[in-house]
Amino acid sequence: CIRDRPIGNGRLGAMIYGGVQKEQLQINEDTLWSGGPHDYSNPEAYSHLATVRQLLEDGEYDKAEAEAEKMMGKPVHQMAYQPLGDLFLQFPQGETAKEYRRELDLQNAVSTVSYTIADARITRKTFSSKPDQAIVMRLDSNRRGQITFDLSMASPHPVQSRVIGSDTLAMTGQLSPREDRGLIGPWEGEGMKFAAQVKVKAEGGTLVAQGDKISVQGADAVTLVYVAATSFVNAKDMSANAEARAKAYLVGASKKSYEQLYQGHVEDYAPLFGRVAIDLGGRGASDLSTDERRQRVRGGTVDPLLSEQIFQFGRYLMIAGSRPGTQPLNLQGIWNDKVNPPWCSKYTININIEMNYWVSEVCNLSECHEPFLRLARELVTPGSHTAQTHYRADGWVAHHNTDLWRGTAPVDGAHWGMWPSGGAWLCQHLWEHYLYSGDIEFLKKAYPIMKGAAEFFLSEDVLVRDDEGHLITSPSISPEHSH
């Protein structure tokens, strides 16, 4: 079966590992990125443009690429999406667990782990609530006094942890400056600040604060309410008070019972998921575990129900990872556990982020498209500066990658980055959203974005004529293809 279970509310995501002796929730917040506000445009880029074009016209492609390296952004690599930290529950070492089961309820976006130890059935239900901006875990048992564990938090970044009162664990941290590493750019300035808090609401039993952890002993049931926040305000400002933000989230969510938190979560999520139903048959396969069914499919067995569930899992991830007002889905969505993630877990706009959002309109999740559509608008201002700096062109431009700081210059190297069609490519999603929604007011706001992307290519210094008289982009590459 799938090793981890992703949950999310668009902003706050977690992977649930499902252990018996130790449960781990690996947690992300959608605005925690390395670096800070920065303009990647290279003031020296334009001085190399004519030389690159002449070398291309002369068929000197290796020399043209070498010269185009001098047109890359400053720094040549963008920043990376970062993990926030982990929530750990350490349970007593006792008898071997029996009847272990993990499941992810796509209809209600709830992950459940259950097992039996010494005739007690232990259940953990976890969800990420958008209305209350919190991750909620409920631990209970069919026998009283069976819930005992130590609760702690950790992070791969420099942090300080402490207990507030006897029932709340708090962690504050800040990303460190770093040198250029792999595809991740250097940053010598102040790193983003972040904070997390988790409140323990026990029914029965006792709570004991021990240094930077809380011990729960002999409870009948426990509700954990976890919140997190960063200092990010926008691409030019990261001056917010992360700890105050987290505290405000916790105060709001803690006023509610578990039943109220759960009901609010389901009422928010289920109507979105329930908009599309599909029935391919094969219901009998549901009696088998997911790993068994995957093995059977590899062996040639047809499992239409698995195909149906994979389709709905894609919609589930869209709802969990992208909501109005959040950041758009990056390469890992909101589920990244690495300080040095593959390809920096950026917004790779030559195809990957578009692929993330292909599901949004056709699968009746138009609202979930909003973060990506907003990204296009937020790239206009930096993209206009890049258009002028790199090409002396009107309009706006973006290349193959962007990040939280809305970089628009070519990055990573000419072999990949010298592709000035990113802005125009993004505009296809603006138009598609209008085609599906028929929203004239949206189109009025989107029109200037699309017009600016077109104006870039209409500028005198952008398109050149080839030997057959066609207007072409130069220099440019075909994304993900070598010359």
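Start with the charged pairs: the count comes to 22 salt bridges in this predicted model. We'll visit a few of them, then finish at a threonine.

**Stop one: Glu23 and Arg124.** Select these two and show their side chains. They form a salt bridge, with 2.9 Å between the closest N and O atoms. Now colour the strands they sit on: Glu23 belongs to strand 3 (residues 22-29) and Arg124 to strand 7 (residues 120-129), so this pair links distant parts of the chain, 101 residues apart. Are the two partners buried or exposed? Glu23 counts as buried because its relative accessibility is 1%, and Arg124 counts as buried at 1% as well.

**Stop two: Asp150 and Lys213.** Next, select this pair, whose side chains meet in a salt bridge at 3.6 Å, N to O. Asp150 is in strand 9 (residues 147-154) and Lys213 in strand 14 (residues 213-219), so the bridge ties together parts that lie 63 residues apart in sequence. Switch on a surface here: Asp150 is partly exposed, with a relative accessible area of 26%, and Lys213 is partly exposed too, at 27%.

**Stop three: helix 8.** Move on to residues 370-378, which make up helix 8, and pick out Arg374 and Glu378; they lie four residues apart, about one turn of the helix. Their closest N and O atoms are 3.8 Å apart, and the two form a salt bridge. What about accessibility at each end of this pair? Arg374 is buried, with a relative accessible area of 10%, whereas Glu378 is partly exposed at 32%. Now add Glu370 and Arg406 to the selection: salt bridges that share partners join Glu370, Arg374, Glu378 and Arg406 into one network.

**Last stop: Thr230.** Leave the charged pairs and centre on Thr230, in strand 15 (residues 221-230). Thr230 counts as buried because its relative accessibility is 0%. Which residues does Thr230 touch, leaving aside those up to four places away in sequence? Select Glu29, Thr31 and Leu32, then Met192, Lys193 and Phe194, and finally Ala240, Ala242 and Arg245. Keep Arg245 on screen and draw a distance between C-alpha atoms: Arg245 is 15 residues from Thr230 along the chain, and the two C-alpha atoms are separated by 7.8 Å. To finish, show the backbone of Phe232, whose nitrogen lies 3.2 Å from a polar atom of the Thr230 side chain.

Conventions: Residues numbered from 1 in each chain as written. Predicted model: local features only at pLDDT ≥ 70, side-chain atom pairs only at ≥ 80, totals over all residues. Heavy atoms only, no water. Helix = DSSP H or I, 4+ residues; strand = E, 2+ residues; numbered from the N terminus. Buried < 20%, exposed > 50% of the residue type's maximum accessible area, 1.4 Å probe, protein only. Contact = heavy atoms within 4.5 Å. Polar contact = N/O pair within 3.5 Å; in protein donor to acceptor, adjacent residues only side chain to side chain. Salt bridge = Lys/Arg side-chain N within 4 Å of Asp/Glu carboxyl O.
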